[in-house]
Amino acid sequence: MNESAALNESGVGSPESSWLEAEAFDVNRTLALSSAALEFHVNPWDIMLCLSGTVIACENAIVVAIIFYTPTLRNPMFVLIGSLATADLLAGIGLILNFAFQYLVSSETISLITVGFLVASFTASISSLLAITVDRYLSLYNALTYFSEKMLHYVHLMLVGTWGASLGLGLLPILGWNCLDDASTCSIVRPLNRTNLTLLATSFFVIFALMLSLYFKICKIVCRHAHQIALQQHFFTTSHYVATKKGVSTLAIILGTFGASWLPFAIYCLVGEREYPAVYTYATLLPATYNSMINPIIYAYRNTEIQRSIYMLFCGCFQTNGSYRSRSPSEV
């Protein structure tokens, strides 16, 4: 009797006590799994970059498809717009892949490849903007020979140089310009080392200065042409003034958008240190990606020839009247 009482009090051999212990074990295991699940979190900045990449990829995929499947869009201007759209499309895909690999496949090799891919894509995008600026300047400076085979040859050379330089800069992290072996050399964008990032930022400032100089020359040519027209007609009409003002304003918007998107990140690449909070890097990098989102709107969707092709592609009911000739950038 005493032994039975002792057993009952201690709960040894009792089915109820075994069930309680099992239930307690399940609860503890559930709590452990819940705490482990809470430890896995996604950075909201990475989500925004991925969403930005998705929008960029969708926008520019349409532009690439339109230019590729429309035979009339083959003059130098549209070839360069196609190059810009292709670079931005790759940049958008790179942002999506970077997000996926960062949270699904953690590997230093894959990290180097995705970062190199993004560097090459964004470099090609910025370089294509410079090539478009050169094209616009040449279309005004040499308007009579713009549609010649020689001009198309120059455009192809610019494309080779643009994509060759971009590919070279994108390969640098993979070829050893990274900080995987020495964390003290890391920049604000890991795994790029500070030397690599300084080279990229300096290249951006050189391109931005060239674009600034070319757009200043374009403004001078536009104003001079408007003045010559006014002299030929013996007066400066309101329409001429409005057209000139609109052209200069458009150039200011293009440069302002490009500068506002990339300048904060480029400056921070030079002055930032790896010890600084990562939020500063995200806050300057995210607006830079918006430039690839705005590019198709400025350079493609506002163009009447591309609008015409979009209507034909999606509506199938747009009819053209008479002969059609692609216009040069100076006419646009």
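Between which two helices is the loop that holds Pro-191? In this predicted model, Pro-191 sits in the loop that runs between helix H6 (149-171) and helix H7 (194-232). The peptide bond leading into this proline, from Arg-190 to Pro-191, is cis, with omega near 10 degrees. That detail makes a convenient entry point, and the wider fold can be taken up from here.

The protein chain contains 10 helices and 0 strands, so its pattern along the sequence is easily written as α-α-α-α-α-α-α-α-α-α. Of its 332 residues, 39% are buried. Contacts reach well along the sequence: among those between residues at least 6 apart, 76% join residues at least 24 apart. The accessible surface of the chain amounts to about 18,900 Å², and carbon and sulfur atoms account for 67% of that area.

A word on confidence is useful before turning to individual residues. The protein chain has a mean pLDDT of 79, with 74% of its residues at 70 or more. Confidence is highest in helix H3 (residues 44-69), where the mean is 93, and lowest in helix H2 (residues 15-39), where the mean is 42. Two stretches deserve a careful eye. Over residues 1-38 the pLDDT stays under 50, and the model has 2 contacts beyond four places in sequence for them. Over residues 317-332 the pLDDT likewise stays under 50, but for this stretch the model has 32 contacts beyond four places in sequence.

The UniProt record, an unreviewed entry, places the feature "transmembrane region" at residues 45-70, 77-104, 110-134, 154-177, 197-216, 248-267 and 279-301. Two of these spans can be compared with the model. Residues 77-104 are 100% helix and 0% strand, and the C-alpha atoms at the ends of the span are 40 Å apart. Residues 154-177 are 75% helix and 0% strand, with end C-alpha atoms 32 Å apart.

Next comes the packing between helices. The largest nonpolar core has 60 residues, of which Ile-81, Met-211, Tyr-215, Phe-258, Trp-262 and Tyr-299 touch the most other members. At least two residues of this core come from each of H3, helix H4 (76-104), helix H5 (108-141), H6, H7, helix H8 (238-271), helix H9 (278-301) and helix H10 (304-314). Ile-81 offers a worked example: leaving out residues up to four places away in sequence, it touches Val-63, Ile-67, Ile-132, Tyr-299 and Ala-300. Tyr-299 is thus a contact of Ile-81 and also one of the core residues that touch the most other members.

The cysteines fill in further parts of the picture. The structure holds 1 disulfide, formed by Cys-179 and Cys-186, whose sulfur atoms are 2.0 Å apart. The torsion about this S-S bond is about 90 degrees, so the disulfide is right-handed. Is each partner buried or exposed? Cys-179 is buried, because its relative accessible area is 1% and the cut-off for burial is under 20%. Cys-186 also counts as buried, at 10% relative accessibility.

Other cysteines can be described in a similar way. Cys-50 is found in helix H3 and is buried, with a relative accessible area of 13%. Apart from residues up to four places away in sequence, Cys-50 touches Ile-96 and Phe-99. The C-alpha atoms of Cys-50 and Gly-92 are separated by 8.2 Å, although these residues are 42 apart along the chain. Cys-219 has 19% relative accessibility and therefore counts as buried, since the limit is under 20%.

Cys-269, finally, belongs to helix H8. Which residues does Cys-269 contact, leaving aside its neighbours within four places in sequence? The contacts are Ile-188, Arg-194, Leu-197 and Ala-201. The C-alpha atoms of Cys-269 and Leu-199 are 9.8 Å apart, with their positions 70 residues apart along the chain. Cys-269 is buried, at a relative accessible area of 4%.

Technical notes: Residues are numbered from 1 along each chain as its sequence is written. This is a predicted model: local features need pLDDT of at least 70, side-chain atom pairs count only at pLDDT 80 or more; totals for chains, interfaces and linings use all residues. Side-chain values use heavy atoms; hydrogens and water are left out. pLDDT is the predictor's confidence in each residue, from 0 to 100. Helices (H or I, at least four residues) and strands (E, at least two) are DSSP runs, numbered from the N terminus. Contact means heavy atoms within 4.5 Å. UniProt positions are given in the numbering used here, feature names are shortened, and annotations may be inferred rather than shown by experiment. A nonpolar core is a set of buried Ala, Val, Leu, Ile, Met, Phe, Trp, Tyr and Cys residues joined through side-chain atoms within 4.5 Å. Buried means under 20% relative accessible area, exposed over 50%, partly exposed in between (1.4 Å probe, protein chains only). A disulfide is a pair of cysteine sulfur atoms within 2.5 Å. Accessible areas come from the Shrake-Rupley method with a 1.4 Å probe; for residues, only the protein chains shown count as cover.
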